[in-house]
Amino acid sequence: MKRSAPPKLRLLSLGAGVQSSALLLLSAQGAIPRFDYALFADTGWEPTAVYRHLERLEGVAAAAGIPIRRVSAGNIRHDALDERHRFASMPLFITKPDGQRGMSRRQCTSEYKVRPLKREARGLLGYPHPARVAQGVYAEQAIGISTDEFHRAKDADVAYLRNVFPLLDIGWTRQDCRAYLALHGLGDTPKSACIGCPYRSNASWIRLKAQEPEAFADAVDFDAAIRHGHPAAATRGMPLEGRFYLHPARIPLGEVDLGEEAEPAERGCSPWACPGEDEGEEW
């Protein structure tokens, strides 16, 4: 939809990974327009390395007058095992009773990233849910998608957000972002993903096990806890048939031979460009 009015706000969807970190640094240094806010959707189950990196970014952003706001819909690990909460729809690997293999529906990004980001954007615009956002009022939302992932760029699904992709505008690849971050002392920027993300590659699990053994042990424990789905599902008459796993090998995570790669390969967890993601209702 064509808009003649300028955006009321310029926001950055900050995942704290390579591309969004590069965007924040570019803005802080004046290479691209300054963001009014950077928004980080916290699932409550990120690796320590991600939280440490986020703290560094908060220092960079504060010096440039860019507030970073952490938004959250809760702790995804806790909610997935809480009998009072519906089973979080993570993309778990399933072995069904008849031996067929599948995956559960992926809605975790929508619930724990997209919705809290939209909620915060509405509030910053002055129209907290359920208030109706006035026609023509919108925020420009920068998303860290580089040229090697240009096919993931898409328009916002609500009128009060307009997605922009500064890395595409300047022609940067993911490697360009890494080089830029390294030049400014941020070469160790981690890949942002939940501790127990089923889309981790074997290499990613190996790194997590070596660098954060307590986090890897936590993922192993979680993997065992979700083997038969939600602990309260059967008592509510909603049994989740089959066995659930974090790893595509469909065996307990602690028993997987991580020396051999398995499909699918690791994917990033960008809130606004997730393949197969159910965005939920528009609000």
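## Helix α1

Helix α1 is mostly covered, with 10 of its 11 residues buried. The helix runs over residues 18-28, and its buried residues are Val18, Gln19, Ser20, Ser21, Ala22, Leu23, Leu24, Leu25, Leu26 and Ser27. After α1 comes Gly30, which has a positive phi near 80 degrees.

This description rests on a predicted model. The protein has 283 residues, of which 53% count as buried. Its secondary structure consists of 8 helices and 8 strands. Among contacts with a separation of 6 or more, 70% are between residues 24 or more positions apart.

## Strand β1 and its neighbours

Strand β1 covers residues 9-13; 4 of these 5 residues are buried, so the strand is largely enclosed by the rest of the structure. Two strands pair with β1. One is β6 (residues 139-142), which runs parallel to β1 and is joined to it by 4 bridges. The other is β2 (residues 37-41), also paired in the parallel sense, over 3 bridges.

Leu11 of the model can be followed in both pairings. In β6, the residue opposite Leu11 is Gln141. In β2, the residue opposite Leu11 is Tyr37.

The elements β1, α1 and β2 together form a β-α-β unit, and this unit is right-handed. The loop between β1 and α1 contains Ala16. Ala16 has a phi near 70 degrees, a positive value in a residue other than glycine. With a relative accessible area of 0%, Ala16 is buried.

## Two nonpolar cores

In soluble globular proteins, nonpolar side chains tend to be buried together. Here the largest nonpolar core has 27 residues, and the members that touch the most others are Leu12, Leu14, Leu24 and Ile68. Two or more residues of this core come from each of α1, β2, α2 (48-63) and α6 (174-183). The largest share, 6 residues, is given by α1.

What does Leu12 touch, leaving aside residues up to four places away in sequence? Its contacts are Ser20, Leu23, Leu24, Phe35, Tyr37, Ala38, Leu39 and Ala142. A second core of 25 residues is separate from the largest one, and includes Ile94, Cys197, Ala215 and Ile226.

## Helix α8

Helix α8 has 13 residues, numbered 213-225. At 1.5 Å a residue, the helix should span 18 Å, and its end C-alpha atoms are 18 Å apart, which agrees. The expected span uses one less than the number of residues, because that is how it is defined.

Which residues of α8 are buried? They are Ala215, Phe216, Ala219, Phe222 and Asp223. Viewed down the axis of α8, these buried residues fall within an arc of 120 degrees, so they line one face of the helix. An α-helix has 3.6 residues a turn, so residues three or four places apart point the same way.

The buried residues of α8 pack against three named elements: α3 (76-81), α7 (202-211) and β8 (243-245). One of the buried residues of α8, Ala215, is also included in the second nonpolar core.

## Residues in loops and after β8

Leu92 is in the loop between α3 and β4 (93-95). Is Leu92 buried or exposed? Its relative accessibility is 0%, so Leu92 counts as buried; the cut-off for buried is under 20%. The C-alpha atom of Leu92 is separated by 5.5 Å from that of Met103, although the two residues are 11 residues apart along the chain.

Pro130 lies in the loop between α4 (108-125) and β6. The peptide bond that joins His129 and Pro130 is cis, with an omega of about 15 degrees.

Arg250 is placed in the segment after β8. Its phi is positive, about 55 degrees, although Arg250 is not a glycine. Arg250 has a relative accessible area of 12%, so this residue is buried.

Conventions: Residues numbered from 1 in each chain as written. Heavy atoms only, no water. Buried < 20%, exposed > 50% of the residue type's maximum accessible area, 1.4 Å probe, protein only. Arc of directions from axis to C-beta. Contact = heavy atoms within 4.5 Å. Pairing = 2+ DSSP bridges. Right-handed = clockwise from strand over helix to strand, strands pointing away. Core = buried A, V, L, I, M, F, W, Y, C linked by side-chain atoms within 4.5 Å.
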